[in-house]
Structures are given as structure tokens and as C-alpha cells.
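Colleague: I have just opened this one and would like some help reading it. Could you walk me through it, feature by feature?

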Amino acid sequence: AGGAARVWVKDSADAQTQLTQHAADVTTVWAQYPGIFTYPMPDTPEVPFAAVNPDGAIDFYFVNASDLDPRRTECVATPSLAWCVRGTNAGFAHRAAPYPGNKSSAYLVVDAAASGDDLVDTIAHELAHASQFAYDQTEASWLKESTATWVAYKVVKKLGLTPGYSYRRLA
């Protein structure tokens, strides 16, 4: 996405294949945003540390359900914290520095097992949350979720895919 996004995958035998595919998926969704929604605010490089955030690009971490949140330092220290494991959510966006006023940047954590239209929908939905944080990181949950669902719907339709909402997101 022109260097505005960075994709991360877990190191494995097929990591390069996953990285190539997920980068293509993120780039595809990212390119649909003009005319639908704004892009997120770039984040602060090296927060919490350079190994997981080397630059201001919006980071997309594709992880397994049992993996810890890769950017929260408290998860490394205490992995049993409830919010550290992604669990059953298809993905989530988490606020990230900078924090000017009530605004913030974000990073995204996405289910590595997702594919096809569901993956595109999840990327678009979570990217919408990252964009929302650039306006108001404390907005009411119902407004954040309904707006992100609308954005994902518009992106999926713009791509000519079939929206399928047989699952519900929690965040």
C-alpha cells in the first residue's frame, strides 16, 4: 500500500507465501478506501520497540488464534492476561501512539487462518477502526462497529465480492 502499511506473519516454512498473499490482500483493501473512508493516522515508530514497529506504517499482524498480541508489552510479561490472546475474534484494531487529544493511530491483528471474502471483509472492517481512531479513539462501541461494518460492506461491494455476514464481530 505504497509503504503506508506493513504486513507481518509468523515465521514458518511457508511464511514468504503467506506474506506475499496477505500483503496483496491488504493492498487490495487499502486501494478501495478513497471515496469510502479515510486512511488511519501513521503510528509512532519504535513504540513499543523497533522489532515489532520499525516505522510509521500501519501494521497488520496475521496471527493464529492462540498467539499473543504482538505489540502489547504487558502480554510478553504476563501472557495469561485475558486481552493478550486473540481468541475467537476474526480480528481487532488496537489504539497506538501518537495520542494527540482524543485521537490515535492503530495496529491490526487478523486471523491468519481467514481467507477469501471473509478475510477481505475483516481487513476492511479493522482498517476502518484504525481510521476511526484518527478522529475519536473513545467513540461509542455501537457507532464504531456499525461504521466499520458499513465500510467493510462498501469495500467488499466495490471489489465485486459477495458480502456474507454469517458471523458477528465482537470488536
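Modeller: Happy to! Let's start with S131, which lies in helix 3. Please keep in mind that this is a predicted model.

Colleague: Is S131 buried or exposed?

Modeller: The relative accessible area of S131 is 0%, so S131 is buried; the cut-off for that word is under 20%.

Colleague: Which residues is S131 in contact with, leaving aside its neighbours within four places in sequence?

Modeller: They are Y33, F37, T38, Y39 and P40. Some of those names come back in another feature: Y33, F37 and Y39 form one aromatic cluster together with W30.

Colleague: And helix 3 itself, which strands does it lie across?

Modeller: Helix 3 covers residues 116–133 and lies across strand 2, strand 3 and strand 4. Relative to strand 4, helix 3 runs at about 160 degrees. Angles of this kind run from 0 to 180 degrees between N-to-C directions.

Colleague: In what order do the strands form the sheet?

Modeller: The order is 1-2-4-3, in an open sheet of four strands with mixed pairing. Strand 1 (5–9) and strand 3 (91–96) are the edge strands, each pairing on one side only. On average, neighbouring strands in this sheet are turned by 20 degrees against each other, direction ignored.

Colleague: How many bridges join strand 2 to strand 4?

Modeller: Four bridges do, and the two strands run parallel; strand 2 spans residues 58–63 and strand 4 residues 105–111. To find one place where they meet, look at F60: its bridge partner in strand 4 is L108.

Colleague: Now the rings, please. What describes a pair of aromatic rings?

Modeller: Such a pair is described by the distance of the centres and the angle of the planes. The structure holds five aromatic pairs. Take W8 and Y61: their ring centres are 5.6 Å apart and their planes stand at 20 degrees, so this pair is stacked, the cut-off being under 30 degrees.

Colleague: Which parts does that pair tie together?

Modeller: W8 lies in strand 1 and Y61 in strand 2, so the pair links parts that are 53 residues apart in sequence. W8 is partly exposed, with a relative accessible area of 24%, whereas Y61 is buried at 3%.

Colleague: How are the rings of Y61 and Y107 arranged?

Modeller: Here the centres are 5.9 Å apart and the planes are at 85 degrees, so the pair is edge-to-face; planes over 60 degrees apart earn that name. Since Y61 belongs to strand 2 and Y107 to strand 4, the pair ties together parts 46 residues apart in sequence. Y107 has 3% relative accessibility and therefore counts as buried.

Colleague: What lies over the face of F133?

Modeller: That is R95, at 5.8 Å from the ring centre.

Colleague: One last stop: where is R72 placed?

Modeller: R72 is in the loop between strand 2 and helix 2 (73–77). With a relative accessibility of 17%, R72 counts as buried.

Colleague: Which side chains does the side chain of R72 make polar contacts with?

Modeller: One polar contact, of 2.9 Å, joins the side chain of R72 to that of E74. Another, of 3.2 Å, links the side chains of R72 and H94. You can also compare backbone positions: the C-alpha atoms of R72 and V47 are separated by 9.8 Å, and these residues are 25 residues apart along the chain.

Key
Residues numbered from 1 in each chain as written. Predicted model: local features only at pLDDT ≥ 70, side-chain atom pairs only at ≥ 80, totals over all residues. Heavy atoms only, no water. Pairing = 2+ DSSP bridges. Contact = heavy atoms within 4.5 Å. Phe/Tyr/Trp six-rings, centres within 6.5 Å; stacked < 30°, edge-to-face > 60°. Buried < 20%, exposed > 50% of the residue type's maximum accessible area, 1.4 Å probe, protein only. Lys NZ or Arg CZ within 6 Å of the ring centre and 35° of its normal. Polar contact = N/O pair within 3.5 Å; in protein donor to acceptor, adjacent residues only side chain to side chain.
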